[in-house]
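Reader: I am new to this structure and would like a close look at a single part of it, followed by an account of how that part sits in the whole.

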Amino acid sequence: MVHGAVDATTGLATLNELAQGFKKLTDQDWRPRRTIVFASWGAEEQGIIGSTEFVEDYITLLQRSGSVSLMPWTLGSSDVTNFEPKASPNFRPLLERAAALASAPLNSKYSSLYEQWKSTSETKIKELGSGSDYAAFINMAGVSSIDLSMVGPYYTYHTEYDNYDYLSKYADPGMKANKAIAETAAVVLFELATNTLVPLNAVSYSDYVKGAIEGSTQLHEDLEEQGIDIGILTRAIEKFSANAAAYESRKDVFLGSKRNQLEIRALNDKMILMERSFIYPLGLPNRPQNRHVLFAPSIINSYSGSFFPGLFDCVALAKQSNKPEDWNQVKKQLTIAAWVTKAAARALSNSVFPS
């Protein structure tokens, strides 16, 4: 990274500010409901080695924990007009609330970071891919993750010119973008640590999955042309959507009633298990380290994410080769996608033996 003032020192500065802020809260006898771990790993540029080794060492603990989310914060930009977060879909309501409370880098034009975000990208949240330390957490362990960043032209990337002088004069004068990211991250982290129920939303997740599949008209046409019935997946998504809506309704009822610790634990566990359900132990075709069936780094650009990558990648390969064995792999990936989606629906169910 050479001098690395923007990448990755702005992220480390944000991390330090957050740690300092929460330390001041604990000095006033405040205690979170859940453990907060502030962490930074080395060897990211060499292949995200540090964080990956961490996940490999502690994957059982991460998957068993009641409420674990990773939040790396970075400012990878010299243009503070674009807020482009990446996140698991269940983060959307929480992220929107946090952004509404954060100041906008263009303060004279927008009242909050949310207003700026809405104006520039209609509150788009990108799929999680790779290229940062969240990768192993979501791709290997199934930990709901979020990556907050301001993006744009970054002319000094990995050069000796990426220094404090460039950062303070050109990339982020007044450190307004850093401030906006830190404020957003602070609200997200505070709610994750203190809310009785984990502030993630199952309906946001199911709506995203349903919308993405319904909008994939080319996939429907490709499968229909080969006589492959996508119904196995769409039915699983319908069940997922129904159970997600029922789960959120139970949360609303719970918040308005007398609270029971066992109910709290059950509701929170269901949310965490929903994300874990998308993990397929054998991984994606030719990519065993990527086990999340819904999200994975794009095979074209690893920094960006792709949706149901095993299915979509295999369809692209089969269309190119038109070999029967490749279309059989498509059928397998379609079955796996339906299986994990149904598992996610079951994780949210209130039944002892869900269908």
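Is asparagine 328 buried, partly exposed or exposed?

Author: This is a predicted model, and in it asparagine 328 counts as partly exposed, because its relative accessibility is 44%, while the limits of that class are 20% and 50%. The residue has its place in helix H13, which covers residues 324-348. Measuring from C-alpha to C-alpha, one finds serine 130 at 28 Å from asparagine 328, and along the sequence the two are 198 residues apart.

To set this residue in context, it helps to turn to the whole protein, which contains 13 helices and 6 strands. Its radius of gyration is 21 Å, close to the 20 Å that the globule rule gives for 355 residues, so the protein is as compact as a globular protein of that length. The C-alpha trace spans about 60 × 55 × 40 Å along its principal axes, and 50% of the 355 residues count as buried. If one takes the contacts between residues at least 6 apart in sequence, 75% of them join residues at least 24 apart. About 17100 Å² of the protein is exposed, and carbon and sulfur atoms supply 53% of that area. As for charge, there are 34 positive and 39 negative side chains, and the centres of these two sets lie 8 Å apart.

The aromatic rings add further detail, for the structure holds 18 aromatic pairs. One of them joins phenylalanine 22 and tryptophan 30, whose ring centres are 5.8 Å apart and whose planes stand at 50 degrees, so this pair is tilted. Both partners lie under the 20% limit for burial, since phenylalanine 22 has a relative accessibility of 7% and therefore counts as buried, and tryptophan 30, at 18%, counts as buried too.

Phenylalanine 54 and tyrosine 58 also form a tilted pair, with 5.0 Å from centre to centre and 45 degrees between the planes. These two residues are separated by about one helical turn, because they are 4 residues apart in helix H2, which covers residues 49-64. Phenylalanine 54 counts as partly exposed because its relative accessibility is 26%, and tyrosine 58, at 42%, likewise counts as partly exposed. Elsewhere, ring pairs link Tyr208, Phe295, Phe307, Phe308 and Phe312 into a cluster.

Terms used
Residues numbered from 1 in each chain as written. Predicted model: local features only at pLDDT ≥ 70, side-chain atom pairs only at ≥ 80, totals over all residues. Heavy atoms only, no water. Phe/Tyr/Trp six-rings, centres within 6.5 Å; stacked < 30°, edge-to-face > 60°. Buried < 20%, exposed > 50% of the residue type's maximum accessible area, 1.4 Å probe, protein only. Rg over C-alpha atoms; globule rule 2.2 N^0.38 Å. Contact = heavy atoms within 4.5 Å. Areas by Shrake-Rupley, 256 points an atom, 1.4 Å probe, with all protein chains shown as cover. Lys, Arg positive; Asp, Glu negative; His and termini not counted. Charge placed at Lys NZ, Arg CZ, Asp CG, Glu CD.
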